[in-house]
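Please open the model in a viewer and keep the selection panel at hand. The tour proceeds by selections, each followed by a description of what is found there.

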Amino acid sequence: MLELENVSVIFNKGTSLEKVALENVSVKVNDGDFITMLGSNGAGKSTLFNVITGALKVDHGKILMDGDDITATKEHVRARYIGRLFQNPEHGTAPHLTVEENLALAYSTKKYGKFSFAVHKQDREFFQEKLRQLDMGLEDRLKTPIGLLSGGQRQAVALMMAVLNPPKILLLDEHTAALDPKSAQKILEITNELIHKEQMTALMITHNIQDALENGNRLFILNEGHLIQDMDQKEKSRLKPADILNYYAV
Ligand SMILES: Nc1ncnc2c1ncn2[C@@H]1O[C@H](COP(=O)(O)OP(=O)(O)OP(=O)(O)O)[C@@H](O)[C@H]1O
């Protein structure tokens with residue numbers, strides 16, 4: 001379980017540019033939760049992800065993972081158990097390496113205990129089988145440099161990389177926002193399948209209200225650095241997109 005206790009982040013503290021990006025945010029993310037997150041531009045969503053990954057230090061408060069205080073744990077250490085996908089699929093995949101080399105990178109630390117893009121024969125078949133499940137023909141593109149794939153195909157491989165070595169928590173940072181509608185829909189379907197199959201814990205930032213309501217078992221709404229709503233499946237299912245607009249800052 002991930003817990004945030006009274007987390008605050010203040011940028012440019014003590015200057016005329018001071019900005020409180022998060023203020024006293026406390027929340028518990030249960031194992032197996034798939035939480036969608038909405039909020040206006042500047043509400044603090046990415047800042048929240050950045051404090052979870054350790055990319056940003058908190059000014060106040062604590063972060064706990066399975067009861068351990070990780071507030072001071074460095075980002076590269078947390079990366080062993082926190083995965084993140086970005087809007088731009090180029091983030092998190094190595095463009096000049098092939099599809100199978102990228103998958104090998106993600107798999108190597110788990111299987112061989114060291115970071116390497118060398119592809120072992122038995123793993124190639126395993127990767128092929130995994131890619132076949134995506135139903136995008138990627139099992140025939142193992143030798144293609146990943147930079148030559150479309151954004152949707154690349155994001156699908158990035159998702160597969162994230163679950164080959166399943167993190168304790170997967171952060172999806174508008175990971176479908178840069179894709180065309182059909183690709184976005186496909187990636188969201190794959191996201192749901194993988195999260196359910198691997199019983200992963202995930203948080204997904206989106207600006208698509210429909211996607212936020214239709215996916216996951218919980219909904220967070222952030223506004224001006226505050227977590228103003230934390231709804232369970234039941235509360236979420238009663239909402240219509242128009243209801244959500246009331247929570248947005250004007
Ligand atoms: N490095 C920084 N220095 C100063 N201010 C920052 C920094 N990063 C974020 N902010 C400010 O903190 C606030 C929260 O930003 P954040 O990026 O978390 O919002 P967001 O909810 O992710 O927005 P968006 O939907 O536009 O991505 C904003 O006012 C932003 O301008």
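In the hairpin of β9 and β10, which residue takes a positive phi? Select the two residues between the strands: E224 has a positive phi near 45°. The model is a predicted one, and the angle is computed from it.

**The strands around the hairpin**

Extend the selection to the whole of β9 (residues 218–223) and β10 (residues 226–232). These two strands pair in the antiparallel sense over six bridges. At R218, the bridge partner in β10 is D232. Now add β3 (residues 34–39), which runs parallel to β9 and is joined to it by five bridges. R218 appears again here, since it is R218 in β9 that I35 stands opposite. In general terms, strands of a sheet pair through backbone hydrogen bonds, in either a parallel or an antiparallel arrangement.

**The open sheet**

Next, select β2, β1, β4 and β5. Listed in that order, the four strands form an open sheet with antiparallel pairing. Its edge strands are β2 and β5 (68–69), each of which pairs on one side only. Within the sheet, β1 (residues 2–11) and β4 (residues 60–65) run antiparallel and are joined by five bridges. To view one position in this pairing, centre on L4, which stands opposite I63 in β4.

**The ligand and its shell**

Display the ligand, then select the residues that surround it: F11, N12, K19, A21, G39, N41, G42, A43, G44, K45, S46 and T47. Coloured by class, this shell divides into seven polar, three nonpolar and two charged residues. Two elements, β2 (19–29) and α1 (45–53), each supply at least two residues to the shell. The most come from α1, which gives three.

Stay on α1 and show the whole helix. How many of its residues are buried? Seven of the nine are, and α1 is thus mostly covered. The buried residues are K45, T47, L48, F49, N50, V51 and I52. K45 and T47 also belong to the set surrounding the ligand. After α1 comes G54, with a positive phi near 95°.

**The two domains**

Colour the chain by its domain assignment: domain 1 is 1–81 + 167–249, and domain 2 is 91–166. The C-alpha centres of the two domains lie 26 Å apart. For the contact between them, select 13 residues of domain 1 and nine residues of domain 2. On the domain 1 side, helix α6 (residues 181–197) gives the most, with six residues. By class, that side has eight nonpolar, three polar and two charged residues.

**The largest nonpolar core**

As the last selection, show the largest nonpolar core, which has 65 residues. Those with the most contacts inside it are L103, L159, M160 and A202. Helix α5 (residues 151–164) contributes the largest share of this core, nine residues. Why does the core lie between the domains? Domain 1 and domain 2 both give residues to it, so it lies between them. As a general tendency in soluble globular proteins, nonpolar side chains are buried together.

Finish by centring on L103. Leaving aside residues up to four places away in sequence, L103 touches F127, M160, M161 and L164. One of these, M160, is itself among the residues with the most contacts inside the core.

Methods
Residues numbered from 1 in each chain as written. Predicted model: local features only at pLDDT ≥ 70, side-chain atom pairs only at ≥ 80, totals over all residues. Near = placed C-beta within 6 Å. Nonpolar A, V, L, I, M, F, W, Y, C, P; charged D, E, K, R; others polar. Pairing = 2+ DSSP bridges. Buried ≥ 20, exposed ≤ 12 C-beta atoms within 10 Å, placed from the backbone. Core = buried A, V, L, I, M, F, W, Y, C linked by C-beta atoms within 7 Å. Domains from an automatic or database assignment. Contact = placed C-beta atoms within 7 Å.
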